[in-house]
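User: Could you walk me through reading a few features of this model with me?

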Amino acid sequence: MSTKFGLGRGLAELQQGMGNIPDISTLTGAGRVVVKQIPLIQIGANPDQPRKTFSDEELGELAASIKEKGVLQPILLRAVSGRPYMYEIVAGERRYRASKLAGLTEIPALIKTLTPESAMEIALIENVQRENLNAIEESDAYKNIMEKCGYELSDVARLIGKSESYIRNIMRLDSLPNDVKEMVKRGELSASHARAISVAADPTKLAHEIINNNMSVAATEKMVKGTGRRSTSRAYTSKTIDSDTVHEIESRISTVLSVPVKLQEKRGGAGQIVLSFATRMQMYDLVEKITGQKV
């Protein structure tokens with residue numbers, strides 16, 4: 001995995017001690033990890049958890065299994081501060097919810113020191129690998145990690161092992177009206193249908209036509225070609241500037257300031273230019289070059 005990501009090495013050590021744990025098959029780190037019984041009251045959900053919807057029926061079935069056999073697979077937590085709880089869920093929120101439903105007061109957990117970025121990576125990979133997410137949740141998760149971690153499409157593709165075109169197509173759903181997104185979440189409209197109408201001037205109208213007439217994806221695509229397209233119908237991209245231009249800009253700034261430079265542009269043209277320095281003296285020198293004054 002690219003060193004850009006927050007995860008390190010050491011998965012083999014973890015699995016030797018715990019056996020195969022699919023939920024955290026992406027978790028690495030040199031530190032020793034021990035399973036502990038953690039009170040549920042000390043645990044909180046991760047606000048960046050990609051999965052937002054949980055089936056009551058599935059939770060009920062899992063709760064019944066937990067009552068009979070207990071929690072067979074520990075969840076993954078990270079310690080947090082400044083929250084009303086001590087630990088935040090990185091992987092295993094469904095088991096956490098089902099355990100509460102089953103009346104448990106504590107749950108087996110692995111506690112790992114992780115940055116917010118690493119926690120987001122693990123949660124995303126776990127859910128994508130298990131196909132836990134509906135298409136809208138998946139689109140939102142990619143958008144969230146790109147915006148919060150400054151990742152590009154190529155970074156996310158490498159992280160989850162899918163192509164850039166796959167991610168780009170999923171992220172087209174971000175432009176849909178909320179009522180159409182809800183149709184996708186409820187399973188009334190397939191992701192393929194939703195992607196086809198995402199470029200249309202009136203996706204809501206087309207969505208109702210698709211559902212009422214039980215239209216195929218091919219028929220939907222043909223219908224979209226005959227309707228008006230939104231002026232903003234060019235799909236969501238990680239950058240409005242091509243990668244060669246970005247690298248050129250970074251190189252020019254780096255040459256002038258003598259420090260590593262990272263240009264991160266978000267949707268709509270907003271973004272940031274990140275300057276990195278290795279020592280405090282280099283930082284002082286950088287400030288002097290930018291402001292023309294010594295610190």
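User: Which residue is the bridge partner of Val35 in β5?

Analyst: A word on the model before that: it is predicted, so local features need pLDDT of at least 70 and side-chain atom pairs pLDDT 80 or more, while totals for chains, interfaces and linings use all residues. Residues are numbered from 1 along each chain as its sequence is written, and side-chain values use heavy atoms, without hydrogens or water. Strands are DSSP runs of E with at least two residues, helices runs of H or I with at least four, numbered from the N terminus; two strands pair if DSSP finds at least two bridges between them. Here, Val35 has Leu110 as its partner in β5. Strands β1 (residues 35-39) and β5 (residues 106-111) run antiparallel, joined by five bridges.

User: Which residue stands opposite Leu110 in β5, in the pairing with β3?

Analyst: That is Leu76. Strand β3 (residues 75-79) pairs with β5 in the parallel sense, over three bridges.

User: How is empty space found, and what lines the second largest pocket?

Analyst: Rolling a probe the size of a water molecule over the atoms shows where empty space is left. A pocket is an open set of points on a 1 Å grid over the protein atoms alone, where a 1.4 Å probe fits, with protein on both sides within 12 Å along at least five of seven lines; lining residues have an atom within 4 Å of a point. In this model, 14 residues line the second largest pocket, with Gln49, Pro50, Lys52, Asp140 and Ala141 nearest its centre. Helix α5 (135-149) is one of the elements that supply at least two lining residues, and its five residues are the largest share.
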